[in-house]
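Please take a moment with the sequence and the model below before reading on. The paragraphs after it go through the arrangement step by step.

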Amino acid sequence: MIRVLLVDDQPLLRSGFRALLDIEDDIEVVAEAGDGEEGLALAREHLPDIALMDIRMPVVDGIEATRRIAADPDLAGVHVVVLTNYGLDEYVLDALRAGAAGFLVKDIVPEDFVHAVRVAARGDALLAPAITRKLIDRYVTQPPEPPEPPPGPGLGVLTDREREAVALVARGLSNDRIADRMVISPLTAKTHVNRAMTKLGARDRAQLVVLAYESGLVTPRRP
C-alpha cells in the first residue's frame with residue numbers, strides 16, 4: 001500500500017487529490033495539512049511513502065518543509081513531490097535542490113497523476129525529459145547568480161560507467177533506456193545508478209539530475 005500525505009493550503013485541491021487517490025486499491029491518503037509546518041509534523045507522525053507538497057504556503061513554505069524532511073534521517077523513506085501551477089515554476093529547482101523527488105503541475109490529467117504517485121513511490125524521479133531540459137536550461141545554465149558548488153563528494157568518486165549512467169539519468173532516460181545505451185542489463189544499469197547515488201549522497205534520481213548539471217557533467221543541448 002502506498003501511503004500519501006497531502007500538503008496544500010487549498011482545501012478544494014486537497015479534496016480533489018484525495019478523491020482521485022482514494023479510489024485506488026493500492027494507495028491510501030493518510031493525512032492532510034494546510035501548511036508546511038503541519039505537513040512536517042504529520043510526515044513524522046505517519047511516515048508516508050509520498051508527500052505531495054505545494055510550494056507556496058503560509059507559516060512554512062513547501063521548499064523549507066521539503067528541506068527539513070530531506071535532512072531528517074527518520075524521514076529517509078518519504079519521497080517529496082512538489083506541486084506547482086506552472087511547468088517551469090521559478091521555485092521548482094529550489095525544491096529539487098532541497099530534496100524533492102520531482103514535481104507535478106496541478107492541471108495534470110487524473111490518470112497521469114495517479115501514475116506519477118506510483119512512479120515516485122518506486123523511488124524514480126518525476127522529471128520528464130522535455131521538462132528536464134527546459135528546467136535545467138532556464139535555472140541552471142542561465143541562473144540569476146552563480147550557483148553554489150554542489151555539496152558533498154565530487155564526481156571523481158564515480159567509476160567511468162557510473163558517470164555515464166548519471167549523465168544518462170540527467171538526460172531523463174529510464175533504467176531500461178540507460179541499459180540500451182550502455183549495452184548492459186537493466187539490473188546492471190540500476191546498480192550503477194544506485195551506487196552513484198550512494199557515493200554522491202544523492203537522495204534520489206532527481207538529486208542526480210541537479211548534481212550532473214551543476215557539476216558540468218552534462219550541459220543542455222542547444223537547438
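What follows begins with the sheet and then turns to the helices and their contacts.

The model shown here is a predicted one, and a convenient place to enter it is its open sheet of 5 strands, which are arranged in the order β2-β1-β3-β4-β5 with parallel pairing. At the edges of this sheet stand β2, covering residues 27-33, and β5, covering residues 102-105; each of them has a single partner strand, so one side of each is left without a neighbour in the sheet. Going from one strand to the next, the sheet twists by 25 degrees on average.

One pairing within the sheet can be followed in more detail. Strand β1, made of residues 2-7, runs alongside β2 in the parallel sense, and 6 bridges join the two. Among the residues involved is V4, whose bridge partner in β2 is V29. Helix α2 packs on the sheet here, where it touches both β1 and β2, and its direction makes about 140 degrees with that of β2.

The helices also pack on one another, and the same two quantities serve for every such pair: two packed helices are described by the angle between their axes and the distance between the axes. For helix α2 (residues 36-46) and helix α3 (residues 62-71), the axes come within 9 Å and cross at roughly 25 degrees. Angles under 35 degrees count as roughly parallel, and α2 and α3 are therefore roughly parallel to each other. The crossing in which α2 passes α3 is right-handed. On the α2 side the contact is made by G36, L40 and A43, and on the α3 side by A65, R68 and I69. Sorted by class, the residues of this contact comprise 4 nonpolar, 1 polar and 1 charged.

Another arrangement appears where α1 meets α5, since these helices pack at an angle of about 75 degrees with their axes 10 Å apart. Angles of 65 to 115 degrees count as roughly perpendicular, and that description therefore applies to α1 and α5. F17, L20 and L21 of α1 make the contact with P110, F113, V114 and V117 of α5, and the residues taking part divide into 7 nonpolar, no polar and no charged.

Aromatic rings deserve a separate look, and the model has 1 aromatic pair. The ring centres of F17 and F113 are 4.9 Å apart and the ring planes lie at 20 degrees, so the pair is stacked. Because F17 belongs to helix α1 (residues 11-22) and F113 to helix α5 (residues 110-121), the pair ties together parts that are 96 residues apart in sequence.

How, finally, do helix α8 and helix α9 pack, and at what angle? Helix α8 (residues 175-182) and helix α9 (residues 186-200) have axes 8 Å apart and pack at an angle of about 100 degrees, which means that α8 is roughly perpendicular to α9. In this contact N175, D176, I178, A179 and M182 of α8 meet P186, A189, K190, H192 and V193 of α9, and by class the residues are 6 nonpolar, 2 polar and 2 charged.

How values were computed:
Residues are numbered from 1 along each chain as its sequence is written. This is a predicted model: local features need pLDDT of at least 70, side-chain atom pairs count only at pLDDT 80 or more; totals for chains, interfaces and linings use all residues. Side-chain values use heavy atoms; hydrogens and water are left out. Axes are lines fitted to C-alpha atoms, for helices over the stretch in contact, and angles run from 0 to 180 degrees between N-to-C directions. Helices (H or I, at least four residues) and strands (E, at least two) are DSSP runs, numbered from the N terminus. Angles under 35 degrees count as roughly parallel, over 145 as roughly antiparallel, 65 to 115 as roughly perpendicular and the rest as oblique. A crossing is left-handed if the near helix is turned anticlockwise from the far one by less than a right angle, and right-handed if clockwise. Contact means heavy atoms within 4.5 Å. Ala, Val, Leu, Ile, Met, Phe, Trp, Tyr, Cys and Pro count as nonpolar, Asp, Glu, Lys and Arg as charged, and the others, Gly among them, as polar. Two strands pair if DSSP finds at least two bridges between them. Rings of Phe, Tyr and Trp (its six-membered ring) pair if their centres lie within 6.5 Å; planes under 30 degrees apart count as stacked, over 60 as edge-to-face and the rest as tilted.
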